[in-house]
Every structure is written in C-alpha cells, then in structure tokens.
Amino acid sequence: MGPIVNLARSNQSSVEEFVLLAFSHVPRLKPVLFVLFLGMFLITMQGNGLIVLLTVVDTALHTPMYFFLRNLALVEICFSLDIVPRMLVSLVAGRGISLVGCALQLFLILSCVTSECFLLTVMAYDRYVAICHPLHYGVLMNQRLCLLLAAACWVAGIPVSLLFTIWLFHFPFCGPRGVRHFLCDVAPLLRLVCADTAVFETYILVATVLVMMVPFSLITVSYSRVLAAVVQMPSATGRHKALSTCAAHLIVVALFYGTACVIHLQPKSSYSPENKQVVSLSYMLVTPMLNPIIYSLRNKEVKAALWRVLGRKKAGAQMT
C-alpha cells in the first residue's frame, strides 16, 4: 500500500479529502435507505459467511466446485466490507473520506472485481471438466491445481488495480471535493481532475474490456462445450443432473456481467451520476446478497450440509 499512500499524500496540497455525496438528491429517503442497505449488508455477510463455514466444516463439500464457491464468497465479503460500511456512514453523517482512504477503497474495488471475474471463469472450467471429462475429473482438478488457480484469481488483479489507482491519484484534484457516488469509483473521481485524462481513460477502457470480456468469452466457450456434451447424453436424468449443477453458476454469471457491463462499458456521454448510483446498487449490494441464496436454494448438497451442521450442533447442545 506504500505507493498509494505516498501518492495520495503528495496530492493533498489541493484537496485534502473527498465527500461522498451518496443520494444527496433524495435527502428525505436517507434514513430509509440506511435501514434497507444495513439489512442487505447483514444478509450478505451472513449468507456468504455461511457458505464459507459449510464448505470448511462439512467434508462432503470438500470438492473443487465448493472450494471455488468458498473463494467467491470470501471475495463478496471483502467487496461488501470495503463499500457498505463507508456508504452507511456517509448516509448518516456525510463525513469526508481522505485521499488515502479513497485510493485504498478504489484499489480494493478494482482488485475484488477482477478476482470475481477470474473466479467465475475458473468455476465454469470446473463444470466443463466435471461434465465433459468426468473420468479424469479427479486427476485434472487436483488439489494443487485448485490452490494455484484460486491464488492466481486473488493475485491477478493486484498489479493492474495498483497501477490504475496510482495513476489516477497522480492527477491533481483541484476542483470541488464532492464525489457524486457512494464510493470512490473511477468515473466520478475523473470528474474532479483538472488535467487531461484522455490517455488514462483509453487505457482503463482497454483494461476493463480485457478483464471482463476475456473471462466472459472463456465462460461462454466452457458452457458451449458443456451444452454440446449434455445434448449427447442418452439419459434425460443425466442431462437434468448435469444442467442443474451449472444453473446456479449461470445465474450468478448473468447477474454479475449484466450489471457490470452497464456500469463499466456504457458510453461516457450517457453517464449520469444519479442513475449510476441506482445501477451500482444492484452490482455492489444486490448481487453479493443473492449469490449465496442462489447457490443454497438450487443446491441440494449445500442444504444437506446445512442440516448436517445444524444437527451436529443440536446434538452437542443436548449432550451438554
């Protein structure tokens, strides 16, 4: 974090802190929004925390699919912790955020989004191997490979996120200090820069397209092959079982990419701070909350693991 801190501090001659103007256009709704967002945050933390707990405690879930699901839940937890507490504070108190805090939040957002893109891709590859190469699944998706893939997903976004965060905060912020968003994102921060940012915007657009579209293309290829393999299955029961193991992941992919593309790939001319706040809520609050619910409701193994864990706790309580 040293480079981020140093560059942010070097920029303090013009602007010492930002103010997150979260939903300033609807001041009367702020108390209601605070309660609503707090409730969603608690559900997100509880749901994803439960996924992590079940995949660690229950041995039946010690498989590559649930290992990657655990990592996805951890990413959602980190993502929510980075955004929601600060947003809740800004709704109630309207306090400022320092340049260092803003830079750190942006860096973590970019890192988490990149990690989630790659994790969703790895999860699609896992389903491809399980359905298209079931006899070799245990060999291909061995523990060492799963650990390497998970580590790569976590680490891959750090260099790019660090580069663009340092680059953005190297620009002078000499205009108003109000950020028209509930977080420190690239687009609203660029509106406060008093310098030519054309090169930066070009490079970050290219990076965004690569980080989002390359994984999405790989996911599409994986599921195209899965679909081709499922069609060739002679048993209707086998086809249904194969598709059911992919359904939850496909829904999560659709939610993630559907909202992410609207936010990050829309033309700059159509950018509206108020509209973007609303769309961002589904991307940064609703999706992390729904992911564990989707995997739980559509997955018999997760529900069975939950009942086993609850049964063990109940038995332990009765013995004491």
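The second largest pocket in this structure has a volume of about 630 Å³. Keep in mind, as you explore, that you are looking at a predicted model.

**Around the pocket**

Which residues lie nearest the centre of this second largest pocket? They are Met 65, Lys 241, Ser 244, Thr 245 and Glu 301, part of a lining of 22 residues. Helices H3 (64-92), H4, H9 (236-264), H10 (273-297) and H11 (300-319) each give two or more residues to that lining. The largest share comes from H9, with six residues. Sorted by class, the pocket lining holds twelve nonpolar, four polar and six charged residues.

**A closed space inside**

Now let us turn to cavities. How many cavities of 30 Å³ or more does a search of the whole structure find? There are three. The largest cavity holds about 50 Å³ of space. Its lining is made up of Met 65, Phe 68, Met 123, Asp 126, Arg 127, Thr 245, His 249 and Tyr 295. Helices H3, H4 and H9 each give two or more residues to it, and H4 gives the most, with three residues. Met 65 and Thr 245 may look familiar: they line the largest cavity, and they are also among the residues nearest the centre of the second largest pocket.

Here are the two linings and one helix contact side by side, by class:

| Group of residues | Nonpolar | Polar | Charged |
|---|---|---|---|
| Lining of the second largest pocket | twelve residues | four residues | six residues |
| Lining of the largest cavity | four residues | two residues | two residues |
| Contact of H4 with H6 | 17 residues | six residues | no residues |

**Helix H4 and its partner**

The last row of the table brings us to a pair of helices. Two packed helices are described by the angle between their axes and the distance between the axes. For H4 (residues 99-132) and H6 (residues 143-170), the axes come within 7 Å and cross at roughly 145°. The crossing of H4 past H6 is right-handed. Among the residues making this contact are Cys 102, Leu 106, Phe 107 and Phe 118 of H4, along with Trp 154, Gly 157, Ile 158 and Phe 169 of H6.

**A sulfur link**

Cys 102 has another partner too. It forms a disulfide with Cys 184, and the two sulfur atoms are 2.0 Å apart. A search of the whole structure finds one disulfide. The link of Cys 102 and Cys 184 is left-handed, with -125° about the S-S bond. Cys 102 sits in H4, while Cys 184 sits in the loop between strand E3 (178-179) and helix H7 (186-190), so the pair ties together parts that are 82 residues apart in sequence.

Key: Residues numbered from 1 in each chain as written. Predicted model: local features only at pLDDT ≥ 70, side-chain atom pairs only at ≥ 80, totals over all residues. Heavy atoms only, no water. Axes fitted to C-alpha atoms, helices over the stretch in contact; angles between N-to-C directions. Helix = DSSP H or I, 4+ residues; strand = E, 2+ residues; numbered from the N terminus. Left-handed = near helix turned anticlockwise from the far one by under 90°. Contact = heavy atoms within 4.5 Å. Nonpolar A, V, L, I, M, F, W, Y, C, P; charged D, E, K, R; others polar. 1 Å grid on protein atoms, 1.4 Å probe; cavity = no way out; pocket = protein on both sides within 12 Å on 5 of 7 lines; lining within 4 Å. Points joined across faces, edges and corners; volume = space filled by probe spheres on them. Disulfide = S-S within 2.5 Å.
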